[in-house]
Amino acid sequence: MASKLPVNRVKAIMQKDPDVKMVSSEAVVLITKATELFIAHSAQASFIRMQQAAPSRKTIQLRDLEHIRQSKEEFLFLEGIDLAPKTKRSESLAFTRNEPENVEGHVDTSEEALPSPDEITNDHIDQGGIDDS
């Protein structure tokens with residue numbers, strides 16, 4: 001099962017939890033795949049919301065994510081989690097239909113842009129996000 005997320009980083013994040021003693025490779029693969037599916041599902045739901053709210057708009061905005069978090073039962077567990085990065089509180093998260101690399105504020109998801117496992121703290125995990133400052 002090929003992964004779009006870096007499996008080693010997911011394992012490192014999992015091991016940052018003080019309650020986790022050991023992590024099997026099978027568990028890491030399953031958590032990685034579940035994370036990918038969650039991201040795809042939330043992106044799709046946000047995209048549908050964007051099309052309904054403003055058909056001419058081409059960018060998913062934070063308010064689209066907030067709306068699905070509040071209106072869809074499967075996202076209720078995210079209540080209380082700050083969706084916007086602490087360092088860049090932009091309204092647009094740069095998920096676009098056309099060439100996202102040319103959009104100001106584009107989120108680089110390449111492995112080089114991700115923080116190293118040593119930069120991730122338990123505070124980031126507890127708060128539900130990674131502070132890329």
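This is a short walk through the fold, one helix pair, the salt bridges and a surface patch.

Okay, so first off, keep in mind that what you're looking at is a predicted model. The protein chain has 133 residues, and 23% of them count as buried. In terms of secondary structure, we've got 4 helices and 2 strands. Starting at the N terminus, the order goes α-α-β-α-β-α. If you take contacts between residues at least 6 apart in sequence, 55% of those join residues at least 24 apart. And the chain exposes about 9400 Å², with carbon and sulfur atoms supplying 54% of that.

Now, the helix pair. When two helices pack, people describe them by the angle between the axes and the distance between the axes. Here, helix 2, residues 25-53, and helix 3 have axes that come within 9 Å and cross at roughly 110 degrees. So helix 2 is roughly perpendicular to helix 3. Who's touching whom? From helix 2 you have Ser42, Ala45, Ser46, Arg49 and Met50, and they meet Asp64, Leu65, His67 and Ile68 of helix 3.

Hang on to Asp64, since it turns up again in the salt bridges. How many salt bridges are there in the whole structure? A search finds 3.

One of them is between arginine 57 and aspartate 64, at 2.7 Å from N to O. Both arginine 57 and aspartate 64 are buried.

Next, lysine 33 with glutamate 36, where the closest N and O atoms are 3.8 Å apart. These two sit 3 residues apart in helix 2, so about one helical turn separates them. Lysine 33 is partly exposed, at 29% relative accessibility, while glutamate 36 is buried, at 13%.

Then there's glutamate 66 with arginine 69, with the closest N and O atoms 2.6 Å apart. That pair lies in helix 3, again 3 residues apart, about one turn. Glutamate 66 comes out at 22% relative accessible area, so it counts as partly exposed. Arginine 69 is at 12%, and because buried means under 20%, it falls in the buried class.

Last stop, the surface. Phe38, Ile39 and Phe77 make up a nonpolar patch there, and together they have about 290 Å² of accessible area. Where does phenylalanine 77 sit? Look in the loop between helix 3 (62-71) and strand 2 (92-96). Its relative accessible area is 55%, and the cut-off for exposed is over 50%, so phenylalanine 77 counts as exposed.

Technical notes
Residues numbered from 1 in each chain as written. Predicted model: local features only at pLDDT ≥ 70, side-chain atom pairs only at ≥ 80, totals over all residues. Heavy atoms only, no water. Patch = residues over 30% accessible without salt bridge, like charges linked within 9 Å, V, L, I, M, F, W, Y side chains within 5 Å. Areas by Shrake-Rupley, 256 points an atom, 1.4 Å probe, with all protein chains shown as cover. Salt bridge = Lys/Arg side-chain N within 4 Å of Asp/Glu carboxyl O. Buried < 20%, exposed > 50% of the residue type's maximum accessible area, 1.4 Å probe, protein only. Axes fitted to C-alpha atoms, helices over the stretch in contact; angles between N-to-C directions. Parallel < 35°, antiparallel > 145°, perpendicular 65-115°, else oblique. Contact = heavy atoms within 4.5 Å.
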